[in-house]
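Here are a few exercises to work through with the coordinates open in your viewer. Try each task before you read its solution.

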Amino acid sequence: AKARIGAAAAALIPDGASVYLDVGTTAEAVAEGLLPRRLTAVYTNSMGAATILAEAQGTETYLTGGQVRGADGSLVGSAATAMLVAMAVDIAVIGCSGFAPDGAPTDFDPQKVAVKQAALAHARKAVLVADAAKFGRHAVLRIGPPARFAALVTDSAPPPALARALAAAGTAIVLG
């Protein structure tokens, strides 16, 4: 399922784009999908995604600084957010741990959410990636309003209430 999400999300990113890629196994699947692409640059706070993207030919990959947080190898803190505040990428690919009733993506870790919010604030367009297991979860911290995301790329249709909330926000649902 994550490989399908990764391929579908990568298909939304045009050649020549600059990208922020978030942390997590779904983001790593997007990194795999981006390998054959020719991108201007990929910025990430994921050591896992950076390792995958190191194999990409013709794409510059930048890893934020910061403190390593959690088993997923995410980098957080002021060094990570400082790099993201200085960028202006075409597309931010953001993961989440759950959804609020209004369709807003949510997460649990304040430091990881701060990095996601910094990337979201400095991207022209945002794409949310989440597998169906996230649909029934509500984490306590909002990443951003659902209207900020052009699309949710997922592996199955969201429950009706979430689908309605995303449609009302103008967020397309892309099945991978």
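Before starting, one cut-off: a residue is buried when its relative accessible area is under 20%, exposed when the value is over 50%, and partly exposed in between. Also keep in mind that this is a predicted model.

**Exercise 1. The main sheet**

Work out the strand order of the open sheet of 7 strands, then find its edges.

Solution.
- Step 1: Reading across the sheet, the order is β3-β2-β1-β6-β9-β11-β12, and the pairing is parallel.
- Step 2: The strands that pair on one side only are β3 (60-63) and β12 (172-175), which makes them the edge strands.
- Step 3: On average, neighbouring strands here are turned by 20 degrees against each other, with direction ignored.

**Exercise 2. Around β6**

How many residues of β6 are buried, and which residues stand opposite one another where β6 meets β1 and β9?

Solution.
- Step 1: Start with burial. Of the 7 residues in β6, 6 are buried, so by the under 20% cut-off the strand is mostly covered.
- Step 2: On one flank, β1 runs parallel to β6 and is joined to it by 3 bridges. There, isoleucine 91 of β6 has valine 19 opposite it.
- Step 3: On the other flank, 6 bridges pair β6 with β9, again in the parallel sense. Valine 93 has valine 127 in β9 as its bridge partner.
- Step 4: Follow valine 127 onward: it also stands opposite alanine 151 in β11. Strands β9 (residues 123-129) and β11 (residues 151-154) run parallel, with 3 bridges between them.

**Exercise 3. The smaller sheet and Phe99**

Which strands form the open sheet of 3 strands, and what does phenylalanine 99 touch?

Solution.
- Step 1: The order is β7-β8-β10, with antiparallel pairing.
- Step 2: β7 (98-99) and β10 (141-142) each have a single partner strand, so each has one side without a neighbour in the sheet.
- Step 3: β7 and β8 (residues 105-107) are joined by 2 bridges, and proline 105 in β8 is the bridge partner of phenylalanine 99.
- Step 4: Skip residues up to four places away in sequence, and the contacts of phenylalanine 99 include Ala104, Leu128, Phe135, His138, Leu152 and Leu162.

**Exercise 4. Nonpolar cores**

Which residues touch the most other members of the largest nonpolar core, and which element gives the most to it?

Solution.
- Step 1: The core has 26 residues, and Tyr20, Ile94 and Phe99 are the ones that touch the most other members.
- Step 2: Elements supplying at least two residues each are β2, α4 (78-85), β6 (89-95), α5 (110-121), β9 and α6 (160-169).
- Step 3: With 4 residues, α5 gives the most.
- Step 4: Don't stop there: a separate second core holds 24 residues, including Leu35, Ile52, Leu53 and Ile91.

**Exercise 5. Helix α2 and the pocket**

List the buried residues of α2, say what covers them, and find the part α2 plays in lining the largest pocket.

Solution.
- Step 1: In α2 (residues 25-34), the buried residues are Thr26, Ala27, Ala29, Val30, Ala31 and Leu34.
- Step 2: Their cover includes α1 (2-11), β1 (18-21), α3, β6 and β9.
- Step 3: The largest pocket has a volume of about 250 Å³. Its lining counts 17 residues, with Val23, Gly24, Cys96, Ser97 and Lys134 nearest the centre.
- Step 4: α2 and α5 each supply at least two lining residues, and α2 gives the most, with 3 residues.

**Exercise 6. Three loop residues**

Are serine 46, alanine 71 and glycine 16 buried, partly exposed or exposed?

Solution.
- Step 1: Serine 46 sits in the loop between β2 (41-44) and α3 (47-53). Its relative accessibility is 0%, so serine 46 is buried. Beyond four places in sequence, serine 46 contacts Asp22, Val23, Glu28, Leu63 and Gly73.
- Step 2: Alanine 71 is in the loop between β4 (67-69) and β5 (74-76). At 91% relative accessibility, alanine 71 is exposed. Its C-alpha atom is 9.6 Å from that of glycine 24, 47 residues apart along the chain.
- Step 3: Glycine 16 belongs to the loop between α1 and β1. A relative accessible area of 41% makes glycine 16 partly exposed. Its contacts beyond four places in sequence are Arg38, Leu39, Thr40 and Asp90, and the C-alpha distance from glycine 16 to arginine 38 is 6.0 Å.

Methods:
Residues are numbered from 1 along each chain as its sequence is written. This is a predicted model: local features need pLDDT of at least 70, side-chain atom pairs count only at pLDDT 80 or more; totals for chains, interfaces and linings use all residues. Side-chain values use heavy atoms; hydrogens and water are left out. Two strands pair if DSSP finds at least two bridges between them. Axes are lines fitted to C-alpha atoms, for helices over the stretch in contact, and angles run from 0 to 180 degrees between N-to-C directions. Buried means under 20% relative accessible area, exposed over 50%, partly exposed in between (1.4 Å probe, protein chains only). Contact means heavy atoms within 4.5 Å. A nonpolar core is a set of buried Ala, Val, Leu, Ile, Met, Phe, Trp, Tyr and Cys residues joined through side-chain atoms within 4.5 Å. On a 1 Å grid over the protein atoms alone, a cavity is a set of points where a 1.4 Å probe fits but cannot get out, and a pocket is an open set with protein on both sides within 12 Å along at least five of seven lines; lining residues have an atom within 4 Å of a point. Grid points are joined across faces, edges and corners, and a volume is the space filled by probe spheres set on the points.
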